[in-house]
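Welcome! Open your viewer, and let's walk through this structure one selection at a time.

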Amino acid sequence: MGFLDALMGNASEVDLGKLTAELSPILGDNEELQLAYKMVRDLFVFTSKRLILIDKQGVTGKKVSYHSIPYKAIVHFQVETAGTFDMDAELKLWISGQHEPLVKELKRGTDVVGIQKTIARYALG
């Protein structure tokens, strides 16, 4: 991933070897990282059991929010690609027990097809 891509917020695939050491304290038994995308400092991490949305906050990024969504809780999802005038793509996840979807904005250039395919692979079985 180039520096300009990072500034523009384009998601790129992350090396799972480096990420495994960072996330090993929060992974469950027999849970393995499958795929991860990084957008500036935030991450979409697909494991064998759940989707983890990691939001690094503040100037230093030391404050971190981990939002875990078990695949079985995803009722349905929507990925909207960027258009000619609409520069952002969007991911919407409807989670069991919640009326409103979880919405994540994705910048142009994000691998929305890869994200959609990965969610489909794990959420649909």
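## Around R41

Begin by selecting R41 and the residues it meets farther along the chain: leaving aside residues up to four places away in sequence, R41 touches K56, Q57, G58, V59, T60 and G61. Keep in mind that you are looking at a predicted model.

Now find where R41 sits. It lies in the loop between strand 2 (33-39) and strand 3 (42-47). Next, pick the C-alpha atoms of R41 and G61: they are 7.8 Å apart in space, while the two residues are 20 apart in sequence.

Is R41 buried, exposed or partly exposed? Its relative accessibility is 29%, so R41 counts as partly exposed, because that class lies between under 20% for buried and over 50% for exposed.

Zoom out to the protein chain next. You can look for three helices and eight strands. Of the 125 residues in the chain, 34% are buried. Turn on the surface, too: the accessible area is about 7600 Å², with 52% belonging to carbon and sulfur atoms. Among contacts with a separation of 6 or more, 35% join residues 24 or more positions apart.

Finally, color by confidence. The mean pLDDT of the chain is 82, and 86% of its residues reach 70 or more. Select strand 5 (residues 63-70) to see the highest confidence, at 93, then helix 1 (residues 3-8) for the lowest, at a mean of 44. Widen that last selection to residues 1-9, where the pLDDT is below 50; this stretch has ten contacts in the model beyond near neighbours in sequence.

Conventions. Residues numbered from 1 in each chain as written. Predicted model: local features only at pLDDT ≥ 70, side-chain atom pairs only at ≥ 80, totals over all residues. Heavy atoms only, no water. Helix = DSSP H or I, 4+ residues; strand = E, 2+ residues; numbered from the N terminus. Buried < 20%, exposed > 50% of the residue type's maximum accessible area, 1.4 Å probe, protein only. Contact = heavy atoms within 4.5 Å. pLDDT = per-residue confidence, 0-100. Areas by Shrake-Rupley, 256 points an atom, 1.4 Å probe, with all protein chains shown as cover.
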